[in-house]
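Reader: I would like a close look at one part of this protein, the largest nonpolar core. Which residues have the most contacts inside it, and which helices and strands supply it?

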Amino acid sequence: MPEIPERPLLPRMRLDELLSDLHRRLEATLSTRDRVHSLLEAVVSIGSDLDLATVLRRLTEAAAHLVDAEYAGLGVIGEDGRFVEFIPVGLSAEEARRLTLFPRGRGILAVPSRDRRALRLRDLREHAAHHGFPEGHPRMTSFLGVPIQVRDEVFGNLYLTEKRGGAEFDEDDEAIVTALGTAAGVAIENARLYEETRLRERWLTASTEITTRLLSGDDSDEVLGYLAQQAREMSHADIAVVLLPDAQDRRLVAEIADGKVAADVVGTPVDMEGTKCGLVYRNGTAVSVPDLRQADCPMLTHRGFGPGLLVPLGTPAHTRGVLLLGKAGARSPFNDATRRMLDAFSGQAAVALELAEARRDAERLVVLEDRDRIAKDLHDVVIQRMFASAMTLMSTVRLITDPEAGERVQRTIDDLDETIREIRSAVFALQHPSAPAESPLRDRILASAEGAARAMGCQPGVNLEGPIDAKVPEEVGEQLLAVLAEALSNVARHARASEVHVSVEADTWLTLHVTDDGRGIPEQGRRSGLRNLAERAEALGGTFTAGPRAGGGSELRWSVPLSSDDSLDETGRLLPHPRERAAPDHVDRASGGRSPR
């Protein structure tokens, strides 16, 4: 059998090389096609939403997926060249908690936007602008940074680090991320315009709602609560606090809070001097706080809040308070657009508060004018007619020979006298109303008597005379209420009375007179309570007596001078109690009674 000559191996080797090269080219083509397809899908996904936050996060995630990067981040650049927002991708929750410093857009992170071109590095630690990693930041080596431009403006930088498998980012990675950033610029511009329009619409709606509520008479605290809620939601903050000055204008107090730990914050004071809150209140200018953990704001310093914003409520010439906003953790600070929006929003809300207060003052003025008119009518017409009727009856008593008829006329005179006293008391109350935020002393006296009725088993009669609300100082009024409560408590525990009378008279002295028809005060018994009442009177320069009442029962009288010029004589000495002075000229001694005052 003839031998078959061996065929040369060279053609086969060339064929294998050609097949391998063709395979590589096909794989490269397929990979390029897949990456282009992924790029198109990413562009479509980014452009399918108008929410700016969603667009930016989708862009960052798509870039990391296209170049197979472990970490990605997008920094939004503000007017000062630093980041106003940073969106990280690839960090675990634990890694995010360990971060102590938010990226600010300095060092190597500022190079792409400054040079307006991509920056690709095998090891970012070898670059001259690298300043190291903050505490808690994961270690990174390979780096690709691409600027994102919206028209002629650099919107931000897109960063990719740690290509999987330990490889470097190549030209294809740079090209595809650059193409993605260019295509995303249009979507970002649309989303940003939509975001601004939506926020402006919501701001106008909230401003209108606040104005409507205030002018409709809603409570100011409720409206300020709505203001805090809207401001927090519109600025994407985690807490909003409304700080208002105290009565001395020395401290700001957290009156309203909305968001995290709101209940723990309310009531916390902040000093005016030496604090940013006080500076904003005094100057009327908004201030951004990079980190509330290092700020002089005790209510939030230890609660894990990072970026803060202080906005004045009102104009620089008339600031009503401060709106404090805070974000939890290492988040982006409040940008200038948000600050301008909230500044205008809080300013308009302050104007609405001014208008509402002016309206309430006008309504109160109308009420005061009506009260004054009614008081004058009562004093000049009703009292004078009753006084004339009483005088007529008193002159008639002498002409009546029937004792029973005379007694009836005298009782009528006494009733007129008591009625005139009550009307005079009402006139004083109408002419000197208490502040709307305070509970009038008259009301508290009546409430104390009403509260003791159940324990005593009877409803005490109460007679109030004189300008009690106008002339009695707050501290004296508190003492009076304490004495009244102790006196009624003694009646309820010991007297077994069926009839109790309480009389409070305010003139140059304040006098409390309590009588009952009970068992009287025993001779032998504990008197610590009465001793306490006597000490209260002595501390105020007054007098106290307690003992049996003529006809049965007990009688208590507690009198203290009122600190006013009416209590002093011409030499500056304290005048005696009215009951200790000489009888006035209008007493009708012949009739055994006195004319109505």
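Author: Leaving aside neighbours within four places in sequence, Ile445 is in contact (heavy atoms within 4.5 Å) with Leu464, Ile468, Leu480, Leu481, Leu484 and Val504. This is a predicted model, in which local features need pLDDT of at least 70, side-chain atom pairs count only at pLDDT 80 or more, and totals for chains, interfaces and linings use all residues. Residues are numbered from 1 along each chain as its sequence is written, and side-chain values use heavy atoms, with hydrogens and water left out.

Ile445 belongs to the largest nonpolar core, which has 34 residues. Such a core is a set of buried Ala, Val, Leu, Ile, Met, Phe, Trp, Tyr and Cys residues joined through side-chain atoms within 4.5 Å; buried means under 20% relative accessible area with a 1.4 Å probe, protein chains only. Along with Ile445, the residues with the most contacts inside this core are Val504, Leu510, Leu512, Val514 and Trp558. At least two core residues come from each of α12 (441-456), α14 (474-495), β13 (500-506), β14, α15 (528-539) and β16 (554-561). The helices (H or I, at least four residues) and strands (E, at least two) are DSSP runs, numbered from the N terminus. With nine residues, α14 gives the most to this core. Apart from it lies another core of 32 residues, including Ala64, Val76, Ile148 and Val177.

Strand β14 spans residues 509-516 and also holds Thr515. Thr515 counts as buried because its relative accessibility is 12%. Beyond its neighbours within four places in sequence, Thr515 is in contact with Glu499, Val500, His501, Arg549, Ser554 and Glu555.

Key:
Buried < 20%, exposed > 50% of the residue type's maximum accessible area, 1.4 Å probe, protein only.
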